[in-house]
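Colleague: Could you take me on a close look at the metal site and what surrounds it? I'd love one connected walk through it, with the reasoning spelled out where there is some.

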Amino acid sequence: MASALVHYTAAAVTDCGRKSSSNEDAFAISVEHGVYLLCDGMGGAAGGEVASRMAVDEMLRLLTSRAQDAPLAQAAEEAVRATNEAIFSRSQRNARLRGMGTTLVGLLVEERRALVINIGDSRCYRLRNRSLEQLTVDHSLVDELVRAGQITPDAALHSPLRNVITRALGTRREVTPDIFEYEVEPDDLFLLCSDGLTRELPDSLIESLLGADSPLDELCARLVSAANTAGGNDNITCLLVRAA
Ligand code: CA
């Protein structure tokens, strides 16, 4: 039925933050193909910027040219594998880029189906009925220690180990993404973001900022501005996707 069609709109803002003049975050949007991607790069010299740019460009290219009848999860896994290989082999060929890698969080939508892909500590949240839920699990050392009950969530926030991520795209020959599948409901609002947002703002503040009835680009701008006001210690990127 035609009434079953879901329409998506999207907006994103990326910002250097207040402590850096470079931006190692990158994002890509194709509303037409239902592909939304965000990456936060790491690695010395220019490595971080190269890795996150390569990752969003390569993932976008592969996912928007996928076969119409290819199962979405399979297309996502294949795109991650090829992108990982491309970044890893470039880092092996170029000493200046050695060790570069990036997080990846992606939202792929097909009608009412949503697939969330995650590697690293960028996040995907969903606001539904004004309630915010984190859909991804961080692949970070402190998060694993919290889940194992070895440190408290509060200690994790201040731990010197909080930059250590346990999975990244492009740093090893192989990587396994988390892939979660959801049924989309009208008015669902998805947020993809880098840790420059979530280290500065508690989920409760993100939830209340996203609850405002405003255009998506304004919501993105408000999140970024709040993260800068709270410190702006890292690059900040927010990507919002609304279902209607
Ligand atoms: Ca970051």
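**Around the calcium site**

Modeller: Happy to! Let's start at Arg 199, which has 34% relative accessibility and so counts as partly exposed. Please keep in mind that this is a predicted model. Arg 199 forms a salt bridge with Asp 195, and their closest N and O atoms are 3.2 Å apart. Asp 195 has a relative accessibility of 6%, so it counts as buried, the cut-off being under 20%.

Asp 195 also brings us to the metal. The calcium ion takes its protein donors from Asp 40 (OD), Asp 40 (OD), Asp 195 (OD) and Asp 234 (OD), at 2.3 to 3.2 Å. Along the sequence, these donor residues follow the spacing D-x154-D-x38-D. Asp 195 belongs to helix 5 (residues 195-198), while Asp 234 sits in the loop between helix 7 and strand 11, so this pair ties together parts 39 residues apart in sequence. Asp 234 is partly exposed, at 28% relative accessible area.

Now for the elements on either side of that loop. Helix 7 (residues 216-229) lies across strand 1, strand 10 and strand 11, and runs at about 30° to strand 1. Those strands are part of an open sheet of 5 strands, with antiparallel pairing and the order 1-11-10-7-8. Strand 1 (8-15) and strand 8 (131-134) each have a single partner strand, so they stand at the edges with one side lacking a neighbour in the sheet. On average, neighbouring strands here are turned by 20° against each other, ignoring direction.

At the strand 8 edge, strand 7 (residues 123-128) runs antiparallel to strand 8 and is joined to it by 4 bridges. In one of these pairings, Arg 126 has Glu 133 in strand 8 as its bridge partner. Helix 6 (residues 203-210) packs on the sheet too: it touches strand 7, strand 8, strand 10 (189-193) and strand 11 (236-243), and its direction makes about 130° with that of strand 8.

Strand 7 has a salt bridge as well: the side chains of Arg 128 and Asp 188 meet at 2.7 Å, N to O. This pair links distant parts of the chain, with Arg 128 in strand 7 and Asp 188, 60 residues apart from it, in the loop between strand 9 (178-183) and strand 10. Asp 188 is at 1% relative accessibility and therefore counts as buried.

Finally, a look at the remaining donor's side of the chain. Asp 40 is a calcium donor, and strand 3 (35-42) is one of the elements that supply at least two residues each to the largest nonpolar core. That core has 27 residues, and Leu 37 is one of the members that touch the most others, along with Met 59, Leu 63, Val 80, Leu 104, Leu 108 and Leu 169. Helix 1 gives the most to this core, with 7 residues. Apart from it lies another core, of 22 residues, including Leu 210, Leu 216, Leu 219 and Leu 240. In soluble globular proteins, nonpolar side chains tend to be buried together.

Terms used. Residues are numbered from 1 along each chain as its sequence is written. This is a predicted model: local features need pLDDT of at least 70, side-chain atom pairs count only at pLDDT 80 or more; totals for chains, interfaces and linings use all residues. Side-chain values use heavy atoms; hydrogens and water are left out. Two strands pair if DSSP finds at least two bridges between them. Axes are lines fitted to C-alpha atoms, for helices over the stretch in contact, and angles run from 0 to 180 degrees between N-to-C directions. Contact means heavy atoms within 4.5 Å. Donors are N, O and S atoms within 2.8 Å of the metal (3.2 Å for Na, K and Ca); water is not among the atoms, so sites may look incomplete. Buried means under 20% relative accessible area, exposed over 50%, partly exposed in between (1.4 Å probe, protein chains only). A nonpolar core is a set of buried Ala, Val, Leu, Ile, Met, Phe, Trp, Tyr and Cys residues joined through side-chain atoms within 4.5 Å. A salt bridge is a side-chain nitrogen of Lys or Arg within 4 Å of a carboxyl oxygen of Asp or Glu.
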